[in-house]
Amino acid sequence: MRTTGSLACSWITVEAAKKITQEHTLPSEIIHKLMVFMVDELGLSAIRIHQPADRSVNSTQITHERLMTKDIPRRLNQVIIFSPEFVRYMKQSDSTCRIFDSESEPNPVNGEVNQGTLSLFMRQASGDEFQGLLELTFPSENRYPSEKDMDVLKALKELLFEQIAIYESKRRAESNKDSGEVLDYLSGLHRYETFLENIDRAIPKYVDENHQIVIICSDINHFKLVNENFGYRKGDELLRASGQLISAADNLIDACRFYSDNFIFATITENSKDEQIRAKLESMNKKNAGILQNIVSDVQVRVNSGVYVIRDVKMDAASAISYANSARKKAKVFNGMHCVIFTEEMIEEMRRADELNDELPNAIKNKNLMVYYQPKISCESEKITGAEALIRWKRENGTFVYPDQFISEFENNGNIIRLDYYVYDEVFQFIRKRLDEGLPVVPISMNVSRRHLENEDIMFYIEHLIDKYDMPTEYIEFELTESIYIDNVETALHFISRCNQMGIKISMDDFGSGYSSLNMISSIPIDVLKIDGVFMHRGKDLNKNDKIVLNNVIKMAKELNMAVLCEGVETREQVDFLKDAGCDVIQGFYFGKPMPEPAFEDFIRQYS
């Protein structure tokens with residue numbers, strides 16, 4: 001029997017979606033961003049947009065698609081002939097939406113019965129003209145939308161189809177150009193759909209025992225920073241120049257701008273080793289970054305690339321692009337002009353990531369996810385002054401999954417929000433328990449993902465927890481990495497302002513680990529500057545240059561009225577140096593590794 005649950009939709013979700021339409025100028029980019037937003041916010045397995053294959057209600061073509069699991073078949077560009085029952089429903093019903101429970105009836109789109117999945121169809125009609133369908137697939141029976149959710153989903157549907165109308169108008173205009181090519185008018189490159197078709201045709205033509213096709217997915221580090229600091233006109237100039245540079249690549253087959261600053265292009269090469277391909281692309285990235293640097297001299301331009309080499313004529317373009325894009329995401333964790341080539345080992349990593357994504361709901365339900373606490377120690381008194389909450393995952397078989405095995409994946413697919421909310425609730429419970437028992441309490445800091453800054457739901461959740469546990473905010477602190485500030489300046493400032501109003505402290509984590517900006521530090525009202533443990537060199541003695549840098553960073557932070565915490569402290573020599581340099585708090589293995597709650601309570605008793 002079907003039961004109605006809740007997707008936790010709200011009109012705040014709609015406002016956040018509207019903000020996307022205001023922040024971007026390209027309809028194709030807005031459509032993509034809205035689809036990504038809906039997948040993340042609603043916890044969807046798939047989202048597809050159908051547009052009429054003819055002017056009747058009998059058939060459509062899937063023109064946009066986003067899938068979250070490999071189990072769901074890719075159907076982009078597929079023409080769908082609807083079942084007679086569904087056609088009658090669309091013609092006769094006054095409703096613009098319907099849930100089809102695939103446990104009891106075939107899906108009218110493909111006639112299949114898929115246990116445990118649902119499809120929500122929404123009709124977009126204007127007069128007698130059928131304009132299309134929005135298909136949303138939910139991952140389990142626990143995700144049925146409520147009546148209130150339906151109102152929000154309808155509003156999101158209206159936003160999407162409004163942009164589709166604009167997109168189609170521009171596409172028709174572009175199709176009427178003398179060249180007859182359907183191009184992205186900003187970069188001058190093909191649209192993604194055209195690129196996909198061209199590569200599928202090129203694979204059997206070019207791939208043989210002597211030749212291979214190289215698929216490259218590239219982006220520009222901190223492109224959002226360019227738009228926010230210098231305006232969209234300057235950002236558009238950077239994209240146009242990028243398109244021109246990619247068009248000049250050697251042995252180019254085709255290229256497209258996928259969305260925003262994400263470009264995909266394909267070249268043909270004679271059989272080469274991966275290392276030769278990587279070295280050539282890194283050289284190209286370095287050269288192109290130098291040219292782009294002239295457009296925005298105040299921002300350090302870096303180009304990251306992920307690569308998949310097609311050596312098998314049976315490979316399809318969509319899969320190759322997906323693999324190259326996975327490699328691009330790996331390249332982004334490095335700081336510099338980096339190129340990562342997709343390997344067979346990464347396929348196994350993707351499989352493990354899919355397993356973890358599937359296991360997450362039960363891990364939360366069964367409390368297999370445990371909060372560990374790493375103490376923060378006062379430099380002056382060497383007594384405990386706080387702690388950082390970290391996550392550890394103990395599977396049913398007793399083995400541990402460590403954060404570096406799942407955090408980045410959850411960042412990419414949005415599951416990090418569920419994970420963080422779980423940690424927040426556990427920390428609030430822990431503090432409340434100690435307050436109720438009259439035990440010593442220290443402030444606990446928790447991490448904030450960039451995903452949280454894409455909408456304001458995090459503030460509502462924090463306020464909910466404060467009310468639920470009657471929590472004094474002096475015991476709460478949130479940590480944001482410096483990269484989050486750089487990529488989300490405006491939203492980060494808004495988040496900090498709201499926290500300040502509530503009496504919650506904010507710290508900048510990992511300062512010095514990547515793209516540090518002294519100008520940014522001076523303009524963001526943070527309470528604590530956390531110096532990255534990279535300066536500690538895993539317990540080795542500090543050299544002269546390390547000491548100079550640390551002395552000056554600590555002095556700068558003090559003059560900006562910030563407290564200073566240094567991470568990664570592992571030796572007595574490091575403790576003594578930081579104490580003399582004026583550091584306020586230290587964190588590291590010298591005093592304590594991350595520990596489970598019972599051990600942390602013992603630590604508080606010992607070091608209070």
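Biologist: Where is the place of aspartate 420?

Modeller: Aspartate 420 sits in helix α12. The model is a predicted one. Helix α12 covers residues 415-436.

Biologist: What makes the reach of α12 close to the expected one?

Modeller: The helix has 22 residues and spans 32 Å from its first C-alpha to its last. The expected span is 1.5 Å times one less than the number of residues, and for α12 that comes to 32 Å. The reach is therefore close to the expected value.

Biologist: How many residues of α12 are buried, and what follows the helix?

Modeller: Of its 22 residues, 17 are buried, and α12 is mostly covered. Glycine 438 follows, with a positive phi near 70 degrees.

Biologist: Why is aspartate 420 said to have no salt bridge?

Modeller: A salt bridge needs a side-chain nitrogen of Lys or Arg within 4 Å of a carboxyl oxygen of Asp or Glu. For aspartate 420, which is buried, the nearest side chain of opposite charge is arginine 451, 9.9 Å away. That distance fails the 4 Å cut-off, so no salt bridge is assigned.

Biologist: What makes the pairing of aspartate 420 with histidine 452 a polar contact?

Modeller: The two side chains meet at 2.9 Å. The cut-off for a pair of N or O atoms is 3.5 Å, so the pair counts as a polar contact. Leaving aside neighbours within four places in sequence, aspartate 420 is in contact with Asn447, Ser449 and His452.

Biologist: Why is the pair of tyrosine 421 and tyrosine 461 called stacked?

Modeller: The structure holds 19 aromatic pairs. In the pair of tyrosine 421 and tyrosine 461, the ring centres are 4.0 Å apart and the planes are at 15 degrees. Centres must lie within 6.5 Å for a pair, and planes under 30 degrees apart count as stacked. Both conditions are met, so the pair is stacked. Tyrosine 421 is in helix α12 and tyrosine 461 in helix α13 (residues 457-469), 40 residues apart, and the pair links distant parts of the chain.

Biologist: Are these two tyrosines, 421 and 461, buried or exposed, and which residues do ring pairs link into a cluster?

Modeller: Tyrosine 421 and tyrosine 461 are both buried. The cluster consists of Tyr421, Tyr424, Tyr461, Phe478 and Phe495.

Biologist: How do you know that arginine 434 is buried?

Modeller: Arginine 434, also in helix α12, has a relative accessible area of 3%. Buried means under 20%, so arginine 434 qualifies. Apart from neighbours within four places in sequence, arginine 434 is in contact with Leu439, Pro440, Val441, Glu601 and Ile604.

Biologist: Why is lysine 224 called partly exposed?

Modeller: Lysine 224 is found in helix α6 (residues 223-230). Its relative accessible area is 37%. The partly exposed class lies between under 20% and over 50%, so lysine 224 belongs there.

Biologist: What makes asparagine 561 exposed?

Modeller: Its relative accessible area is 70%. Exposed means over 50%, so asparagine 561 is in that class. The residue is in the loop between α17 (544-559) and β19 (563-566). Its phi is positive, near 60 degrees, though asparagine 561 is a residue other than glycine.

Biologist: How many helices and strands are in the protein?

Modeller: The protein has 19 helices and 21 strands. Of its 608 residues, 53% are buried.

Notes
Residues are numbered from 1 along each chain as its sequence is written. This is a predicted model: local features need pLDDT of at least 70, side-chain atom pairs count only at pLDDT 80 or more; totals for chains, interfaces and linings use all residues. Side-chain values use heavy atoms; hydrogens and water are left out. Helices (H or I, at least four residues) and strands (E, at least two) are DSSP runs, numbered from the N terminus. Buried means under 20% relative accessible area, exposed over 50%, partly exposed in between (1.4 Å probe, protein chains only). Lys and Arg count as positive and Asp and Glu as negative; His and the chain ends are not counted. A polar contact is a pair of N or O atoms within 3.5 Å; within protein, one must be able to donate a hydrogen and the other to accept it, and residues adjacent in sequence count only if both atoms are side-chain atoms. Contact means heavy atoms within 4.5 Å. Rings of Phe, Tyr and Trp (its six-membered ring) pair if their centres lie within 6.5 Å; planes under 30 degrees apart count as stacked, over 60 as edge-to-face and the rest as tilted.
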